[in-house]
Amino acid sequence: MVNTIPPANPIPVSPSSAEVLARLFPTPAYPPSVLAPARLPNAGPGPTAALLKTLKDNHERSHVFFNHYSFHNHAAHHLLAIWALGASGPLITAAYEDTHLDHMRDAFQAPDRVVISDDNFHDYLGDENYYNAYLDYYHKVVLAPGATISSTLEKYIFSSEYNINDSLASGKQQPEMLNRFVEILIHPLIHTGYGAEFGLPGMLAEGLAQASVHPARATVLVSRLLFPGNPDSQYRPKSHVHAVSILSQMLVDSRFWTRILEKHEFEAMLVSHGELINSYAEMWTCEINSQEDFNRHLEELVWASTLMYGVGSWDGEDKEYRADFFTMHIVTSCLFLPSLCAHLSYRSQSLLLRAHFLAGITWWLVRGRPALPLRKFFAAPLAPLPSPAHFKYPTTFPGVLPQPAACTLLGGDSPHAVTPNVWYPLLQNTIVHPNEHLCKCQRALAHFAILYGHREAGFMSEALSSSPAISCPDTPLLPGGLELAEDERKALEAPEWEFLDGSIFLRVAWLTGAALGWVRDGEPNTGAWDYQEFERVALERDELEAKINA
């Protein structure tokens with residue numbers, strides 16, 4: 001998180017015309033890729049009208065961060081996710097008005113009413129006070145005659161000119177836009193991904209403006225690794241190495257830690273371990289030259305991401321599911337890779353997937369690099385089959401369940417007749433849950449279940465048998481960085497991949513829904529993932545730092 005001093009007397013932004021807003025937020029387009037998620041039906045035109053009204057209001061009314069700790073405005077994410085899941089118009093309106101409006105910051109003009117142009121584009125990067133100035137700039141970009149999602153992304157996210165530009169005048173900061181694109185839990189990628197998936201120029205402009213005011217903290221990772229690249233690295237195998245093979249090797253590397261890092265330790269980690277993390281990221285030979293290449297690498301990322309969040313959050317069937325908020329974003333951001341890459345060259349697809357993998361393993365490390373106990377995780381009954389009494393989260397829905405007629409297939413007493421498809425009630429709970437992240441996570445997991453749920457136990461072992469053996473790189477740790485006690489560094493066991501199968505997506509979605517509360521079935525919202533708790537922690541840290549520095 002980055003603290004920026006807000007302007008003393010912010011000036012409200014000037015409203016856009018109805019014509020401009022209509023061009024920025026047209027009726028959502030069809031998905032741009034067969035690998036993008038399908039949508040569930042809505043009840044007529046009302047839900048779409050409610051969606052567009054709330055998206056336009058949010059675009060005009062609110063800043064991209066709702067506080068001074070760089071906490072993101074998720075209103076648009078929430079609205080588009082539940083609209084795609086089939087929410088009604090009243091639900092969409094309630095999600096916006098009851099969940100978001102009470103804590104949003106009003107949009108404001110940049111200090112001194114600065115107008116962003118090509119000439120001063122680099123001058124205000126990373127400063128959230130200039131968000132609306134960048135938003136106005138990108139309005140012109142996305143609405144220019146002949147502008148496409150492809151041309152916009154290729155220029156502003158993937159070109160050398162907007163990353164590491166050797167011709168910049170002395171003293172100008174490097175734009176590092178791909179670095180910013182995956183910063184602060186990959187939010188700019190997610191936001192821009194909604195624009196690509198639904199064909200909404202307004203979301204594209206917001207996402208690019210958001211990226212422009214994000215920091216470029218991971219220069220040693222994203223920018224150094226990908227621009228101009230290091231094709232002769234000794235750690236880059238010639239044969240293809242599977243992404244989960246790299247997770248296995250990172251688990252057994254005793255130079256990494258087994259606790260969650262504090263906020264102030266992130267920068268120190270980049271100093272001491274940045275090159276080591278790069279060495280692992282370079283092992284993933286993601287070179288896309290065809291649609292088949294993209295399909296294969298996307299699936300690897302989905303499995304790796306789901307494992308890092310889903311199994312990494314699990315400590316046993318009788319323990320509370322941690323539903324790690326940070327690694328959850330690795331999963332939700334994966335959902336938008338097909339929609340973004342549908343508009344990108346093969347070169348840019350490779351850059352995007354490699355940047356995503358690098359961001360994912362970095363956050364996994366920040367969150368303690370939890371073990372992946374696959375044998376135990378997959379031993380649990382799969383909903384709707386009932387679980388033993390000692391389970392923290394039963395594998396049946398709470399409350400009064402339907403009572404099927406005796407003529408029902410399998411008979412009225414079968415759990416498969418009571419809940420013929422677990423995803424339906426699970427997603428219904430998601431649509432009405434007040435937490436804006438749950439719908440994003442469950443939508444992603446449901447889609448991944450469609451794509452890869454058919455994979456049987458043993459498939460990963462077979463896939464890894466053709467992946468070359470790798471070992472821990474001998475990249476040295478650099479001084480002046482993260483300091484760890486001897487008992488904080490530990491080699492963990494490699495996963496037993498033969499137990500992994502396609503039920504992981506439903507298992508993780510079930511645990512996530514249970515951890516946040518089955519509100520449609522009468523349970524309260526548990527408060528997990530609520531912004532108020534993260535804000536409280538941030539305020540306490542500020543107060544502690546102030547006392548230390550006093």
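Colleague: Which way does helix 12 cross helix 16, left-handed or right-handed?

Modeller: In this predicted model, helix 12 passes helix 16 in a right-handed crossing.

Colleague: What angle do they pack at, and how far apart are the axes?

Modeller: The angle is about 130 degrees, and the axes are 11 Å apart. For finding them, helix 12 covers residues 265-283 and helix 16 covers residues 346-366.

Colleague: Why do people call helix 12 and helix 16 oblique to each other?

Modeller: It comes down to the angle. At about 130 degrees, the pair falls outside the range of 65 to 115 for roughly perpendicular and is not over 145, the cut-off for roughly antiparallel, so helix 12 and helix 16 are oblique to each other.

Colleague: Which residues meet there?

Modeller: From helix 12 you have Phe266, Met269, Ile277, Asn278 and Ala281. They meet Phe357, Leu358, Ile361, Thr362, Leu365 and Val366 in helix 16.

Colleague: And how many of those contact residues are nonpolar, polar or charged?

Modeller: Nine are nonpolar and two are polar, with no charged residues in the contact.

Colleague: New topic: cavities. How many are there of 30 Å³ or more?

Modeller: The count is four. The largest cavity holds about 200 Å³ of space, and the second largest has a volume of about 130 Å³.

Colleague: Which residues lie nearest the centre of the second largest cavity?

Modeller: Val182, Ala218, Phe266, Ala359 and Trp363, out of 13 lining residues. You've met Phe266 already, in the contact between helix 12 and helix 16. Helix 8 (183-198), helix 10 (219-226) and helix 16 each give two or more residues to this lining, and helix 16 has the largest share, with four.

Colleague: What is that lining like by class?

Modeller: Ten nonpolar, one polar and two charged residues.

Colleague: Back to the largest cavity. What lines it?

Modeller: There are 18 lining residues, and Trp314, Ala380, Phe391, Thr395 and Leu511 lie nearest the centre. Helix 22 gives the most, with four residues. By class, the lining has twelve nonpolar, two polar and four charged residues.

Colleague: What about the second largest pocket, what's its volume?

Modeller: About 370 Å³. That pocket is lined by 21 residues, with Trp423, Leu427, Ala446, His447 and Ile450 nearest its centre.

Colleague: Which elements give two or more residues to that lining?

Modeller: Helix 19 (423-432), helix 20 (438-452) and helix 22 (504-516). Helix 20 has the largest share, five residues. The whole lining splits into 14 nonpolar, five polar and two charged residues.

Terms used
Residues are numbered from 1 along each chain as its sequence is written. This is a predicted model: local features need pLDDT of at least 70, side-chain atom pairs count only at pLDDT 80 or more; totals for chains, interfaces and linings use all residues. Side-chain values use heavy atoms; hydrogens and water are left out. Axes are lines fitted to C-alpha atoms, for helices over the stretch in contact, and angles run from 0 to 180 degrees between N-to-C directions. Angles under 35 degrees count as roughly parallel, over 145 as roughly antiparallel, 65 to 115 as roughly perpendicular and the rest as oblique. A crossing is left-handed if the near helix is turned anticlockwise from the far one by less than a right angle, and right-handed if clockwise. Contact means heavy atoms within 4.5 Å. Ala, Val, Leu, Ile, Met, Phe, Trp, Tyr, Cys and Pro count as nonpolar, Asp, Glu, Lys and Arg as charged, and the others, Gly among them, as polar. On a 1 Å grid over the protein atoms alone, a cavity is a set of points where a 1.4 Å probe fits but cannot get out, and a pocket is an open set with protein on both sides within 12 Å along at least five of seven lines; lining residues have an atom within 4 Å of a point. Grid points are joined across faces, edges and corners, and a volume is the space filled by probe spheres set on the points.
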